[in-house]
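Colleague: I would like to go through the terms used for this model one by one. Could you set each value against its definition for me?

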Amino acid sequence: MRPSPETEIYAPEFPAGLEWVNIAFLRMNTLLGRGAVLVEFWDFARVNSLRTMPYLKAWHERYADAGLTVIGIHSPGYSFGRDRDTVVRAVERLDVSYPVLLDPELEAWRAYGNIGWPGRYLFDRTGKLVFVHYGEGEYVETELAIQEYLGEAREPLAPVRAEDAPGVLLEPQTADIVLPADRHRLELVRDWADGDDWIEAADAGASAEFSFSAAAAYAVMSGAGLEPGLYEVPGRVEAASPGVRLHGVQFTPVPPEPGGSRAGA
């Protein structure tokens with residue numbers, strides 16, 4: 001979405017004192033005048049953030065020499081995401097090479113007035129906001145805006161997935177499960193204790209089952225030696241040992257049928 005022409009919103013400075021990955025530090029005011037700046041709020045434990053990442057990486061590679069700076073702001077949605085080392089491992093595992101600002105207490109999130117993952121903001125060389133989008137999608141529109149403010153023209157990236165094509169209509173999918181609030185949506189076997197943003201298995205063999213309508217389900221898990229993050233599951237989670245924490249379940253859309261309807265068709 002492009003802000004209306006009369007709207008003048010300028011890039012906030014990054015909060016002082018926060019740590020960076022892949023660079024010593026950045027200041028927004030030193031980037032202005034060089035080219036465009038693309039800021040994306042993300043979380044390695046949010047599947048929609050991971051699904052937008054191929055585009056962020058490609059834009060970084062395509063347009064860095066033309067003056068684009070891509071910055072990922074990691075604002076965690078789960079308690080384990082506030083741990084620096086956990087996020088650094090995820091950045092390395094995901095092969096993210098552009099700068100990442102660690103925002104464990106959501107300071108940058110609040111400064112930008114961000115409202116969800118991913119949250120994408122494009123600023124021109126003066127620091128003025130020229131494009132904003134929340135969630136997946138609008139990849140072609142984003143790239144065309146990048147090209148406009150860099151003075152570049154080339155064929156935009158092809159969609160990574162069929163459901164990314166502009167105008168595709170997708171089937172409704174099951175809403176994400178948030179724990180412990182949505183504990184009633186699970187069929188639990190054995191004891192699970194409620195925590196701040198999880199339910200924790202009391203013993204090995206404790207399980208949680210759920211039904212869903214989506215292409216895939218991803219359990220958000222941590223504890224008991226598990227690397228915190230997303231694990232694809234078939235509608236059932238079973239704890240291999242006590243202390244496994246289930247933070248929630250996220251879902252991905254069903255791809256459209258070949259030749260399926262487009263919006264407005």
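Modeller: Gladly, starting with β12 and β13, which pair in the antiparallel sense over six bridges. This is a predicted model, where local features need pLDDT of at least 70 and side-chain atom pairs count only at pLDDT 80 or more, while totals for chains, interfaces and linings use all residues. Residues are numbered from 1 along each chain as its sequence is written, and side-chain values use heavy atoms, without hydrogens and water.

Colleague: What makes β12 and β13 a pair?

Modeller: Two strands pair if DSSP finds at least two bridges between them; β12 and β13 have six, so they qualify. One bridge sets Tyr218 against Glu232 in β13. Two residues lie between the strands of this hairpin, where Ala224 has a positive phi near 55°.

Colleague: Which other strand is joined to β12, and by how many bridges?

Modeller: That is β15 (residues 245–252), antiparallel to β12 and joined to it by seven bridges. Val220 stands opposite Gly248 there.

Colleague: Why is β12 called largely enclosed?

Modeller: Buried means under 20% relative accessible area, against over 50% for exposed and in between for partly exposed (1.4 Å probe, protein chains only). Six of the eight residues of β12 (residues 216–223) are buried, so the rest of the structure largely encloses this strand.

Colleague: What makes 84–93 a helix, and which of its residues are buried?

Modeller: Helices are DSSP runs of H or I with at least four residues, strands are E runs with at least two, and both are numbered from the N terminus. Residues 84–93 form α3, with Thr86, Val87, Val88, Ala90 and Val91 buried. These buried residues pack against strands including β2 (37–42), β3 (69–74) and β13 (226–233). Just after α3, Asp95 takes a positive phi of about 60°.

Colleague: In the sheet β8-β11-β14, why do β8 and β14 count as edges?

Modeller: This open sheet has three strands with antiparallel pairing. β8 (187–189) and β14 (236–238) each have a single partner strand, so one side of each lacks a neighbour in the sheet. Strand β11 (residues 207–209) meets β14 over three bridges, and Glu209 has Arg236 as its bridge partner there.

Colleague: What is the class make-up of the largest pocket's lining?

Modeller: Seven residues are nonpolar, two polar and six charged. Ala, Val, Leu, Ile, Met, Phe, Trp, Tyr, Cys and Pro count as nonpolar, Asp, Glu, Lys and Arg as charged, and the others, Gly among them, as polar.

Definitions and conventions. Contact means heavy atoms within 4.5 Å.
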